[in-house]
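Colleague: I should like to go through this model with you and ask, at each step, on what grounds a term is applied. May I begin once the structure is before us?

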Amino acid sequence: MQNTIAEGGCACGAIRHRVSGRPSNTMICHCRTCRRVAASPVVAWLTFPIAQFQLLAGQPSVFHSSQPVRRTFCGSCGTPLTYEHADSPGSVDVTTCSLDSPGAFPPTHHSWLSHAVGWVRFGDGLPTFQQWRDDKAV
Ligand SMILES: [Zn+2]
Ligand SMILES: [Zn+2]
């Protein structure tokens, strides 16, 4: 896994951002909220300490998918960009595939299989969890 700087942004280029260092978590989320927000069967996420995330250009739009959850996206092209939860003010999740080199950040597991759409089959052999990963089980 990379321990350097990676840049990315939205599809139209209005928003650019940068992450640095090693993500504390890298996973594929099957939850129904991510699915709807991205209109995609799954969404891959990287978690970083907030200090390791930097907005370089543009101003993302904000959507609260629930009271404590703040999601950002590009208001022009709609690309989902970040997820922040009020209970974890020190960290931010960044959509892996908003980065220019998503291949550098392979996921380690799948979360929220309890919400899975049902016809997705990865066959990647990664651990799966009904909800969030139980850190003790990994
Ligand atoms: Zn855009
Ligand atoms: Zn999710």
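Colleague: Where along the chain is Trp 112 found?

Modeller: Trp 112 is found in the segment after strand E10 (109-111). This is a predicted model, in which local features need pLDDT of at least 70 and side-chain atom pairs count only at pLDDT 80 or more, while totals for chains, interfaces and linings use all residues. Residues are numbered from 1 along each chain as its sequence is written, chains are lettered from A and ligands numbered from 1 in the order in which they are written, and side-chain values use heavy atoms, with hydrogens and water left out.

Colleague: What makes E10 a strand by definition?

Modeller: Strands are DSSP runs labelled E of at least two residues, and helices are runs of H or I of at least four residues, both numbered from the N terminus. By that rule the chain has 1 helix and 10 strands, in the order β-β-β-α-β-β-β-β-β-β-β.

Colleague: Why is Trp 112 called buried?

Modeller: Buried means under 20% relative accessible area, exposed over 50%, and partly exposed in between (1.4 Å probe, protein chains only). The relative accessible area of Trp 112 is 14%, so Trp 112 is buried. Its phi is near 65°, a positive value in a residue other than glycine.

Colleague: Which value decides whether Ala 39 counts as buried or exposed?

Modeller: Its relative accessibility is 72%, and therefore Ala 39 counts as exposed. Ala 39 is found in the loop between helix H1 (32-38) and strand E4 (43-49), and its phi, near 50°, is likewise positive in a residue other than glycine.

Colleague: What makes Cys 29, Cys 31 and Cys 34 donors of the zinc ion (ligand 2)?

Modeller: Donors are N, O and S atoms within 2.8 Å of the metal (3.2 Å for Na, K and Ca). The SG atoms of these three cysteines lie 2.2 to 2.3 Å from the zinc ion. Their sequence spacing is C-x1-C-x2-C. Water is not among the atoms, so sites may look incomplete.

Colleague: Are Cys 29 and Cys 31 buried or exposed?

Modeller: Cys 29 has a relative accessible area of 1%, so it is buried. Cys 31 has 9% and is therefore buried as well.

Colleague: Which residues does Thr 128 contact, beyond its neighbours within four places in sequence?

Modeller: Contact means heavy atoms within 4.5 Å. Thr 128 is in contact with His 110 and Leu 113. The C-alpha atoms of Thr 128 and His 110 are separated by 4.7 Å, although the two residues are 18 residues apart along the chain. Thr 128 lies in the segment after E10, and its 48% relative accessible area makes it partly exposed.

Colleague: What does Ser 91 touch, not counting residues up to four places away in sequence?

Modeller: Ser 91 touches Thr 47, Phe 48, Pro 49, Ile 50 and Glu 84. Its place is in strand E9 (residues 91-95), and at 21% relative accessible area Ser 91 is partly exposed.

Colleague: How do you know that the radius of gyration agrees with a compact globule?

Modeller: The radius is taken over C-alpha atoms, and the globule rule is 2.2 Å times the number of residues to the power 0.38. For 138 residues a compact globule would have a value near 14 Å, and the chain has 14 Å, which agrees. The C-alpha atoms fill a box of roughly 35 × 30 × 30 Å along the principal axes.
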